[in-house]
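This report goes through one structure at the level of chains, interface and single residues. Please keep the sequence and the model at hand while reading.

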Amino acid sequence: MDDGSVAAPVRVLVADDEDDIRGLVCLAVRQAGAAQVTAVADGTAALDAARLHLPDLAVLDASIPGGTGLEVCSALRADPATAGIAILLLSAGADAYLAKPFSVAGLVAQIRSLTGLEGRAVGQSA
Amino acid sequence: MTTAVLGRSAAARGSRRGLIQASPSLVRALPTTALLAATAVLLTVDVLPVADGELVGAGLALGFLATGVARLVDRTSATGEGALVVPVLAQFGAIALISAGSLAPSVLFLLLGPVLSLTLTPRRRGVVVAVLGTAAVLLLPGLLHSDAVVPFDLPLALFLGPLSVGLVTLAGQDAARRSSSQTAELEVLRRERSALEAQVRSRADELDVATRMLAARAQTMTSVIDAVTEQSIIGTDTDGVIRVWNPGAEKMLGLPRADVVRTRSIVEFHDPAELGTAAEEAGTPTGMAALVAAAQENGSDVRDWTYVGSDGRQRTVSVAITPRADDQGAHAGWNFVGTDMTEVRATERMKDQFVSLISHELRTPLSSILGYLELVLDDEEQTLTEEQRAFLGTVERNAHRLQRLVGDLLFTAQVEAGRFTLQPEDVDLAGVVRAAEETARVGAAAGGVLIDLDVPEDGLVVPGDAVRLGQACDNLVSNAVKFTPSGGKVTLALRPAWWLPDGSVVDAEHAGAEPVVQLTVSDTGVGIPAGEQGKLFTRFFRASTAQRNAVPGVGLGLTITKAITTAHGGTLDVHSVEGEGTTFTLTLPTTTS
């Protein structure tokens with residue numbers, strides 16, 4: 001809790017080709033307390049944005065066009081510059097990390113746990 | 001015994017077999033009869049003197065009578081000593097009478113007749129009869145003619161005659177016995193030989209039949225193989241050189257039999273890259289060794305291989321590879337029976353793609369609906385009216401229902417595609433059943449249905465997928481509640497049991513039985529008609545009672561429950577009486593098989 005107050009603002013990248021879902025995830029990210037949210041609709045844009053902004057967390061849809069979430073994930077992991085980014089994969093398939101449909105509350109909890117926002121009060125850092 | 005020996009030696013003589021076997025006494029009387037006939041002739045033509053015509057006549061009559069008696073004995077098939085001895089005794093009497101009537105010493109040669117037949121009788125009795133008979137023959141002329149001159153020295157004759165006749169009888173018996181035993185041995189040998197001959201003949205016949213059957217079978221096999229036009233049947237030697245190439249192979253790979261048999265290897269029709277990968281995996285050199293590696297290890301192997309036809313076209317073929325043995329049982333080569341799966345696999349891929357498309361396309365909007373609903377319902381800054389909250393609750397409930405349906409559809413598709421996997425762990429089934437009861441409790445209470453729980457405190461642990469087992473229990477319990485009218489009862493009972501090798505389940509531990517956990521879900525509901533119980537686990541099947549009573553559902557729950565049970569190595573059985581209720585019994589092994 002004490003290191004939460006001095007931590008740098010948390011930045012999150014959201015990649016999903018579905019506008020509605022992207023909007024929902026962005027809402028959840030803000031609700032979780034992230035300071036900056038970048039939203040993109042495909043894999044290529046996700047990689048570019050990740051390299052440009054170096055976010056703390058990337059929330060990737062597993063089936064985005066221009067390289068699936070899994071491909072983006074392994075590309076990020078392979079590049080030393082982006083290897084440190086936490087990744088949350090959203091999937092509608094059977095082998096999901098966070099299966100759709102997900103609960104917003106569950107997503108918020110996941111984001112907070114992955115970005116180290118767990119200890120902070122919701123909305124404070126926005 | 002004598003008769004038997006005589007019969008057997010007579011049998012060896014072939015043509016007379018029938019007569020002799022039928023008339024042993026008559027045959028034995030024949031030498032004497034012949035001698036008597038000769039004597040009668042000699043007496044008639046006065047070569048032999050006749051001292052007393054009546055005695056001679058009586059003797060001859062008695063002699064022929066003896067022959068008649070012998071024949072009679074055979075006719076009546078009388079047995080025993082009397083039957084054998086009586087004719088001989090009569091013959092001795094006859095000779096004695098003729099001797100007394102003729103008084104010629106040469107008549108005594110007639111004694112050879114009965115003595116000859118006595119050599120065929122059991123030893124002691126025959127000798128005694130011969131000795132006594134001879135003595136009687138020698139004594140009778142003296143007794144009947146006290147005045148007549150006996151033509152020989154009586155005391156000496158009475159000593160030497162019976163003695164020599166006795167010895168001759170003994171020697172004759174010996175010779176006859178030896179000869180008959182030799183004959184018997186010969187007969188045994190002959191029989192063995194003919195038995196051997198018969199055996200050889202029947203073996204030859206069997207061989208002939210077997211050869212013809214083999215030829216017919218080979219013909220049948222060839223015609224069957226030739227009739228297969230949609231499957232490739234390829235036989236090779238151990239090096240892969242093609243020996244059998246059926247029309248199915250011709251059609252699949254585009255080359256006639258004459259172009260491949262003995263000249264080409266099956267390896268030439270395989271994708272080299274695929275064989276290379278298989279070789280790497282199996283740790284063998286590429287080529288034939290890689291192709292048959294799995295079949296060599298497991299005795300047979302079925303998997304997809306890529307065949308390359310003469311036109312270069314690739315086909316996905318499910319190939320069953322089995323070793324072939326020659327008639328000595330030695331490994332002679334390999335059989336490759338292939339079914340073209342190119343289109344089937346393409347369809348399967350399309351189906352998989354469809355399933356994943358559906359999974360994405362249905363779940364994504366559901367995610368939006370449920371996510372935004374959650375945001376609205378949980379928004380603390382803009383509270384909803386009770387009515388709005390109730391309406392949105394209905395929307396949420398139905399969205400969840402849709403979500404479950406999509407999940408069920410996807411799961412069934414995965415089961416169908418064989419892509420359904422379990423996440424195995426130790427699962428406390430008692431906890432799973434309690435959770436299922438909790439989930440169903442509110443709905444049951446609303447419908448006036450009581451749920452009775454009979455679950456042991458101690459957990460009953462089975463290896464399995466907790467989520468899937470929970471789904472199976474939920475399905476059974478929610479079904480029971482759904483199909484039970486108000487005022488009814490649903491009973492959940494969980495108990496340990498033992499599974500016998502014959503499939504029956506008993507309560508007590510039993511040698512050779514497998515420990516299991518059995519869950520019974522009984523209801524007092526509408527029941528399932530007997531005729532429909534067999535179709536119960538079929539996809540989208542709905543019992544007529546379900547439709548009549550307008551119970552909601554699509555007919556996937558039991559299919560899924562059954563698939564989950566089977567995947568866990570368990571069984572799901574149903575017992576139901578229409579109008580009385582239904583009991584589902586879920587049996588799961590507690591040890592991993």
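The text below covers chain B, the interface, the salt bridges and one threonine.

**Chain B**

The model is predicted. Chain B contains 18 helices and 13 strands. Of its 593 residues, 40% are buried. The accessible surface of chain B is about 32,000 Å², and carbon and sulfur atoms account for 59% of that area. When contacts in chain B between residues at least 6 apart in sequence are considered, 61% join residues at least 24 apart.

**Interface of chain A and chain B**

Contacts between the two chains involve 18 residues of chain A and 14 residues of chain B. Together the chains bury about 1,400 Å², with 60% of this on carbon and sulfur atoms. Zero salt bridges are found across the interface, while three residue pairs are in polar contact there. On the side of chain A that touches chain B, the elements giving two or more residues are α1 (19-32) and α4 (104-115) of chain A. The largest share, six residues, comes from α1(A). By type, this side of chain A divides into nine nonpolar, five polar and four charged residues.

**Salt bridges**

Over all chains, the search finds 19 salt bridges. Three of them are listed here with the distance between the closest N and O atoms.

| Basic residue | Acidic residue | Closest N and O atoms |
|---|---|---|
| A:R22 | A:D19 | 2.8 Å |
| B:K251 | B:E230 | 2.7 Å |
| B:R345 | B:D304 | 2.3 Å |

A:R22 and A:D19 are both in helix α1 of chain A, three residues apart, which is about one turn of the helix. A:R22 is buried, at 17% relative accessible area, whereas A:D19 is exposed, at 53%.

The pair B:K251 and B:E230 ties together parts 21 residues apart in sequence, because B:K251 lies in helix α9 (residues 247-253) of chain B and B:E230 in the loop between α8 (154-227) and β1 (231-237). B:K251 is exposed at 52%, and B:E230 is partly exposed at 49%.

B:R345 in helix α13 (residues 342-378) and B:D304 in strand β3 (residues 301-308) link distant parts of chain B, 41 residues apart. B:R345 is buried, with a relative accessible area of 19%; B:D304 is partly exposed, with 29%. Elsewhere, salt bridges that share partners join B:E187, B:R190 and B:R191 into one network.

**B:T561**

B:T561 sits in helix α18 (residues 557-567) of chain B. This threonine is buried, with a relative accessible area of 0%. Its side chain reaches the backbone oxygen of B:G557 at 2.7 Å. Beyond neighbours within four places in sequence, B:T561 contacts B:A472, B:N475, B:L476 and B:L572.

Definitions and conventions: Residues numbered from 1 in each chain as written. Chains lettered and ligands numbered in written order. Predicted model: local features only at pLDDT ≥ 70, side-chain atom pairs only at ≥ 80, totals over all residues. Heavy atoms only, no water. Helix = DSSP H or I, 4+ residues; strand = E, 2+ residues; numbered from the N terminus. Buried < 20%, exposed > 50% of the residue type's maximum accessible area, 1.4 Å probe, protein only. Polar contact = N/O pair within 3.5 Å; in protein donor to acceptor, adjacent residues only side chain to side chain. Contact = heavy atoms within 4.5 Å. Buried area = accessible area lost by both parts, 1.4 Å probe. Salt bridge = Lys/Arg side-chain N within 4 Å of Asp/Glu carboxyl O. Nonpolar A, V, L, I, M, F, W, Y, C, P; charged D, E, K, R; others polar. Areas by Shrake-Rupley, 256 points an atom, 1.4 Å probe, with all protein chains shown as cover.
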